[in-house]
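Welcome! Below is a short guided tour for anyone opening this structure for the first time. Keep the view at hand and follow along.

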Amino acid sequence: MTTTDERDLAIETMGLTKRFGSQIAVNAIDLAVPRGSVFGFLGPNGSGKTTSIRMMLGLVAPSSGQVRVLGRAVPRHLPEVLPRVGALVEGPGFYPFLSGSANLRRLDSADRGAPSATRRGRVDAALDRVGLSHAAGKKVGAYSLGMKQRLGIANALLVPRDLLVLDEPTNGLDPQGTREVRHLIRTLADGGTTVFVSSHLLAEIEQMCTHAAVMSVGGLVAQGTLDDLRKVGEARICLLTPDGDLAIRVLSRLGLESSAAPEPDAECLVTASVSVGADAVTGAPLAGPGVRPGPLPAPEAIVAALVAEGVRVRGFSVQQASLEERFVALTGEGFDIAQ
Amino acid sequence: MPSDVVPRDVVSSDAMPSDAPHTTGAAEPRREPGAALLRSELWVLFRRRRTWALLLALAAIPIMIAVAIRLSSSPSPGRGPAFLDQVSQNGLFVGVTALIVAIPLFLPLTIGVVAGDTIAGEASHGTLRYLLIAPAGRVRLLVVKYIGAAAFCLAAALTVVIAGTVIGALLFPVGPVTLLSGTTIGVGEALARFLAIAGYVTISLLGLSAIGLFISTITDVPVGAMAATISLAVAAQIVGVLPQLEWLHPWLFSQHWLGFVDLLRDPVSWASFGDNALLQAGYIVVFGAFAYARFLTKDILS
């Protein structure tokens, strides 16, 4: 899949930008969400995820750039697009003085494509699906955060959807609820629904998504299949040898930047890191395999070269960066909320 | 969690003809006429405890007036609001008296609460974004919200008139009503005229409701919109009594608020009814347009 036909995309953005005054919340992102995928939209708090989602759903007008949802331009075709999209945006929002089922009936009545005749049945089914049947008649004001979150997901499931946009769907859920939501998303994806999930938790994305995109400070820093994202990034060679300087020379001939650190018992730990094809994924939607420049030389070739030069190899390993390291490398570490 | 409970009556779109646009005939959902949202709006409005509290407060005005007159031994003719001295002779006047008392402040106060809450209230609950992505449609939502506020105006006016008539009939003698022009009409016709007065008061409040709707689109804080709307109602009446600003008086939405007494003349003088309706219609058009322009381009960040 080197060319992405627009018909295969559930969501496509081109240079999508949102400015609030002088501040750029979303900076020219080109997102490509294939149909049928479970797409993780990853980024720290304040990286522009929710603003992007709001633009996809027509709540916020882009400053520039375009959005296509289910093949149609938004916001121009919102009335046709939105009935096919279920969404949870920035947490649930309900009338605290109405019961859970009354809230869903209220929101469902706003959709002219949702038949009134089946409303009660569809609301009950959606509540059942998120395990809230027992609390259907209770006022939402008395719901816990997790229950509200489930109700929000139920709201997105009132009619069968082609696309679900779930902004932080497991927020406030207990581990059991988180597992149920993951299971639900998988079931929906199996039924052919494209699911677009945003999260600041990598583990969550890793467990349920087929694709992912990473946002940082309003920009899109990577996107692709989860496997692509895993492959890309820093790989590191760790070599245990007493011949540190010689090893560094051999490695640099192979094009590897390396450094030596003294280890106890007169040995040296030489580490070399190599960036594998970062360019291929960064900013290039769904780049096919095989276009990555500078692949890591085969480990056995490195060892052979070292041994041929007389380096005493006492330990050798290649460490692939985990997705988490990659995520942190892309988005920065610590509590600095992106400006 | 059981799955597959939701009937898949909307065809999913995995198989799309390659050259056709993305909505095939089968995938395009059948549109309902859209009355469901209005029904839901009225249902939610009149199911809220707050709405009932407002209506009860309004009903308390004629009740308080009637009880106070019943308890006081000596009526004091010529003092207090118009018709007050007639109440002890004819209980039917309680409703009209109560309207005269309520219209400068209490009625605008309740209207301000409901109209100011229309959009800002949804924004503060976080339901505005969900209504819009349902999708309700921004124009449709605005219209439905305004109709809801107008329905409350009617309910508020009827509450005062009906509560007044009922408490008046309970505490005082009821008989033919002597009109302002001196003629007398039967109880049946008097009741019909009171209903017409409730209609007049409802129309009187529509302009203020439109202002409230507009203010409600510019903020996400409902209390702010409510306070601003109520303040405007008070300000308009203050301007209305300043002779220096007489040139402005014909344009004030509160100008004809007390004109409903013209409906108690024989023959009925419809001039103020017409003037009032025209003025309120003007306010609806102008502030409806402001609300439309504001809400259609608004970034929903709530």
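## Chain B in outline

From the N terminus on, the elements of chain B follow the order α-α-α-α-α-α-β-β-α-α-α. That makes nine helices and two strands in chain B. Please keep in mind throughout that this is a predicted model.

Chain B has 302 residues, and buried residues make up 43% of them. Among the contacts in chain B with a separation of 6 or more, 77% are between residues 24 or more positions apart.

## Strand β1 of chain A and its partners

Now let us move to chain A. A good place to begin is strand β1(A), residues 9-20, which pairs with strand β3(A), residues 32-34, in an antiparallel way through three bridges. Strand β5(A), residues 64-69, is also antiparallel to β1(A), and five bridges join the two. E12(A) has a bridge partner in each of these neighbours: A32(A) in β3(A), and R68(A) in β5(A).

Another antiparallel pairing, over four bridges, links β1(A) with strand β2(A), residues 23-29. Here K18(A) stands opposite V26(A) of β2(A). Which residue takes a positive phi in the hairpin of β1(A) and β2(A)? Look at G21(A), whose phi is near 65°; the hairpin has two residues between the strands.

## The six-stranded sheet

Chain A also has an open sheet of six strands, in the order β7-β8-β9-β4-β10-β11, with mixed pairing. The edges are taken by β7(A), residues 85-88, and β11(A), residues 219-225; each has a single partner strand, so one side of each is left without a neighbour in the sheet. From one strand to the next, the twist averages 15°.

Two helices of chain A lie across strands of this sheet. Helix α5(A), residues 145-156, lies across β7(A) and β8(A), the latter being residues 163-167, and runs at about 165° to β7(A). Helix α6(A), residues 175-190, lies across β4(A), β8(A) and β9(A), and its angle to β9(A) is about 150°.

## A closer look at strand β9

Is β9(A) mostly covered or mostly open? Mostly covered: six of its six residues are buried. T194(A), F196(A) and S198(A) point one way from the strand, while V195(A), V197(A) and S199(A) point the other way.

The pairing of β9(A), residues 194-199, with β4(A), residues 38-42, is parallel and has five bridges. Along it, F41(A) stands opposite S198(A), and L42(A) stands opposite S199(A). β8(A) and β9(A) run parallel as well, joined by five bridges, and L164(A) has V195(A) as its bridge partner in β9(A). Between these two strands, the chain passes from β8(A) through α6(A) to β9(A), a β-α-β crossover that is right-handed.

## A212 and its surroundings

Next door in our tour is A212(A), which belongs to strand β10(A), residues 211-216. Why does A212(A) count as buried? The cut-off is 20 or more other C-beta atoms within 10 Å, and A212(A) counts as buried because it has 26 C-beta neighbours inside 10 Å.

Leaving aside residues up to four places away in sequence, A212(A) touches F39(A), G40(A), L42(A), I205(A), Q223(A), L226(A) and L229(A). F196(A) is 16 residues from A212(A) in sequence, and their C-alpha atoms are 9.2 Å apart.

## Nonpolar cores

Let us finish with the cores. The largest nonpolar core has 161 residues, and the members that touch the most others are V165(A), F196(A), V160(B) and I197(B). Apart from that core lies another, of ten residues, including L239(A), I248(A), V270(A) and I302(A).

Which residues does V160(B) touch, not counting those up to four places away in sequence? The list is L58(B), I61(B), P62(B), G95(B), A98(B), L99(B) and A102(B).

Definitions and conventions: Residues numbered from 1 in each chain as written. Chains lettered and ligands numbered in written order. Predicted model: local features only at pLDDT ≥ 70, side-chain atom pairs only at ≥ 80, totals over all residues. Buried ≥ 20, exposed ≤ 12 C-beta atoms within 10 Å, placed from the backbone. Contact = placed C-beta atoms within 7 Å. Pairing = 2+ DSSP bridges. Core = buried A, V, L, I, M, F, W, Y, C linked by C-beta atoms within 7 Å. Axes fitted to C-alpha atoms, helices over the stretch in contact; angles between N-to-C directions. Right-handed = clockwise from strand over helix to strand, strands pointing away.
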